[in-house]
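Reader: I'm new to reading structures, and I'd like a close look at one part instead of a quick tour of everything. Could you walk me through the sheet that the two chains build together, and what sits around it?

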Amino acid sequence: MHEQGFLSSYRILDLTDEQGLMCGKLLGDLGADVIKVEKPGGDPARNIGPFYHDIPDPQKSLYWFAFNTSKRGITLDIETSDGQEILKKLIITSDCLIESFRPGYLDGIGLGYSDLCQTKSDIIVTSIVPFGSTGPYREFEASDLVSWALSGLLYICGDPDRPPVRISFPQSYLHAGVDAAVGTIMALYHRGMEGEGQKVEVSVQESMERIGYASRTTWDGRKKILRRPGSSLRVPPFGTVTPLIWRCRDGYVAFYLFGGVMGAISNPSLTKWMDEENMATDFIKSTDWSNLDIGRTPQEDIDLIVEPISKFFMSHKKSELWEEGVKRRVMVYPVANTQDILDDPQLKERDFWVELEHPDLNEAITYPGPFVKSEERLCRLRQRAPLIGEHNTDIYVKELGISKEEIAILKQCMVI
Amino acid sequence: MGKKILDGIRIVEFGWAVVGPITSSWAGNYGAEVIKVETNTKVDVIRTMPPFKDDRADINTSLFFARENASKYSMALNLVHPEAIKVAKRLVSLSDVVLDSYTSGVMSRFGLDYQELKKVKPNLIMISSCMYGQTGTYRSMPGYGVPLTAISGLTEICGWPDRKPTGPYGSYTDYLVPRYNLLAIVAALDYRRRTGDGLYLDASQYEASVQFIAPLLLDYVVNKRINTRQGNACPHAAPHGVYRCHGNDRWCAITVFNDEQWNGFCKAIGNLPWTQESKFSTILSRKKHEEELDRLIEKWTIEHTAEEVMIIMQRYGVPAGVLNNGEDLGNDPQLKHHHYYKKLEHPEMGAVDYPSHSIQFSKSPQEVFRSPCLGEHTEHVCKNIIGLSDDEFEAYSAKGVFE
């Protein structure tokens, strides 16, 4: 049997907001027929910037573009009786519904898991919730920053002399969104083996907790509170400080001054490179890298190593350090910005970037490609994100057989 | 609860450090029988990494290793030994999935690349998860999570605009990539279930990581804008930050996105006179006076514990949360409600907290069992899974195959 995608035989109804868009995108890229169900007028996530040519228009959100590839789109007000009836019709031909409403919302309007089971007994419902559909934080209001906070990750991020700090672009929904896609596919697999559907739930707080790995373990094993280290490393047992982020001529590079086995990979080669440019000091040339134990070396000696390396990095651009570093196997990496990533030769060589046509904009836009490569491109970006209600006719008229007259009524009643 | 979803699936992990081991560990939570192939001759680096239980460093006492290697078995196999390759292939022939997280080229040097393994298991699913993928100039460049976070654009956008970037804590992408790896594995398992075909998955950690800034990449493509770090600010929300609370290094995050939340916020702090000033009445004016706003808020939060701030804010519908530290996480009422940490007995560490994975199924259980000691299950795997006789096992053992 030949199939176009990993999930070609499935249909997914995507009722998520910002918290779950990634989940549906991934299922679509993997080949499922994902139908994004939006409120009439469009999903609020269409108002999230940045925007195409900085035009703040719900049809031009780059945030929306990025996380809704490979989906079709319809509009439907599921709070109206007509809307609920239509949704139930769609459920019959669907395998799964994904949602990120407040816990209990769908039950409240008669579209909860048990209601949907009446329509289709083996339906799968995947919910992305900030904390849990049960438990003391069930009703809590959440945001990306709040999820960082309660997950324990935020406490250990940032400079010690400033408040803890997050990544300036929301991440928590993306971690949870990938987990939700995993859960959805596992439930589909289970249904394929055992014949039963079920509820799947992903907690954003728990998805995020995994990231700050050292926080809980440090308390659990040593009864110590781990604190934010900033852009330097304090190496035990003496607490010798080495930079992790270093300035270079046009930005920053990440370089970890390892001792021992790891140091023996990069450091002799780096020293040689510095020496070729007359920038290696006698001290650095005489350092026995494989026996260097940074945590037990006095700070003054480490400073004698750090200083010439700093000068050397400052004399080069990050792209020079990176490209030459690859050749010499010196593990110095650029702190890349988005331009650097678009220019990166490795991603180009691997044909990572894909062009998606936007006929409405008369343009093809370059997108980051699929997260995994396989034979026959079973995972790929199939089409650009849908416009508001772009597939209403395909779904409502051609598939469900609703007449044009009825469509006009539903439109006037703000159902679609 | 019925059976676990991945019951009956066997995964052989040729893992290293964090990404490979976590991917298979999560699959193990949902029932896959995961066999980690490792060796005493070149110990998986994560076994040598702190924190250690009671600061006692040993290959079986790293809490870092434990946390990321729950729910799997350990088989010691020295792959440098030619006879070990035979044993590995016999194991693969009886398995469903092979996962490797070595640098590109290492598995083929062992003779364990997909082309070879497919010969012993025709419908094998194999995923290779290295830094930059299996092709291209950088394919064999070594690396780890901290620099991958930098090269993927995530370090640049974490920190304060007036300072060099700090980046998120540690090896951030090591906790992003395994989610994608597991996604690829379960998608391939369902594909195999329907079509009968296995396949090879080339999973570049770099290509997975940049997905998390996709809109910013489009912003550069379309608008030629390069985004950078902005502390905790959010362009369309104020207040939006982390505020110092009563106590030593205690903090609460407070975020206000609309009028309703702003009114709730004002009520929560008792309608202090400054909250009524016109310069704070709209989102545009709050953004304009954000620094002053943050200072005034902190004057209030510093008088309260972080827990009090969160509870009162939430009572009035304002998204707010304590910055949980390592101790707090164990007392977090929501995590406790879910029994998120499982306290399990480890033979060399005693009781250890193991986290669950974030997905809950209504009909299929998740079960976390403790991480293995190095080589703990070698004999079990050889005799009960591969079917070696006692004599064969002893003979291999004598040759150093299981070191």
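Author: Let's settle one word before anything else: two residues are in contact if their C-beta atoms, placed from the backbone, lie within 7 Å. Also keep in mind that this is a predicted model.

Now to the sheet. It is an open one with 7 strands, and its order reads β3(A)-β2(A)-β1(A)-β4(A)-β5(A)-β6(A)-β12(B), with mixed pairing. The edges belong to β3 (71-75) of chain A and β12 (359-361) of chain B; each has a single partner strand, so one side of each has no neighbour in the sheet. Going from one strand to the next, the twist averages 20°.

Start at the β3(A) end. β3(A) pairs with strand β2 (residues 33-38) of chain A in the parallel sense, over 5 bridges, and A:Val34 is the residue opposite A:Lys71. Together with helix α2 (residues 62-67) of chain A, these two strands make a right-handed β-α-β unit. Is β3(A) enclosed or open? Since 20 or more other C-beta atoms within 10 Å make a residue buried, you can check each one: 5 of the 5 residues of β3(A) are buried, so the strand is largely enclosed by the rest of the structure. A:Lys71, A:Gly73 and A:Thr75 point one way, while A:Arg72 and A:Ile74 point the other way.

Further along, strand β4 (residues 96-99) and strand β5 (residues 124-129) of chain A run parallel, joined by 4 bridges. There, A:Glu99 faces A:Ser127. Across β4, β5 and β6 (199-203) of chain A, together with β12 of chain B, lies α7(A), running at about 160° to β5(A).

That helix also matters when you look at how the chains meet. The contact takes 123 residues from chain A and 124 residues from chain B. Helix α7 (residues 172-194) gives the most to chain A's side, with 15 residues. By class, that side has 70 nonpolar, 31 polar and 22 charged residues. The chains also pair elsewhere: strand β14 (residues 373-374) of chain A and strand β6 (residues 199-204) of chain B are antiparallel over 2 bridges, with B:Asp202 as the bridge partner of A:Lys373.

For contrast, hop over to B:Thr41, in the loop between β2 (33-38) and α2 (63-68) of chain B. With 12 C-beta neighbours inside 10 Å, B:Thr41 counts as exposed. Leaving aside neighbours within four places in sequence, B:Thr41 is in contact with B:Asn78, B:Val80 and B:Glu403. B:Glu403 is 362 residues away in sequence, yet 6.5 Å away in space, C-alpha to C-alpha.

Technical notes: Residues numbered from 1 in each chain as written. Chains lettered and ligands numbered in written order. Predicted model: local features only at pLDDT ≥ 70, side-chain atom pairs only at ≥ 80, totals over all residues. Nonpolar A, V, L, I, M, F, W, Y, C, P; charged D, E, K, R; others polar. Pairing = 2+ DSSP bridges. Axes fitted to C-alpha atoms, helices over the stretch in contact; angles between N-to-C directions. Right-handed = clockwise from strand over helix to strand, strands pointing away.
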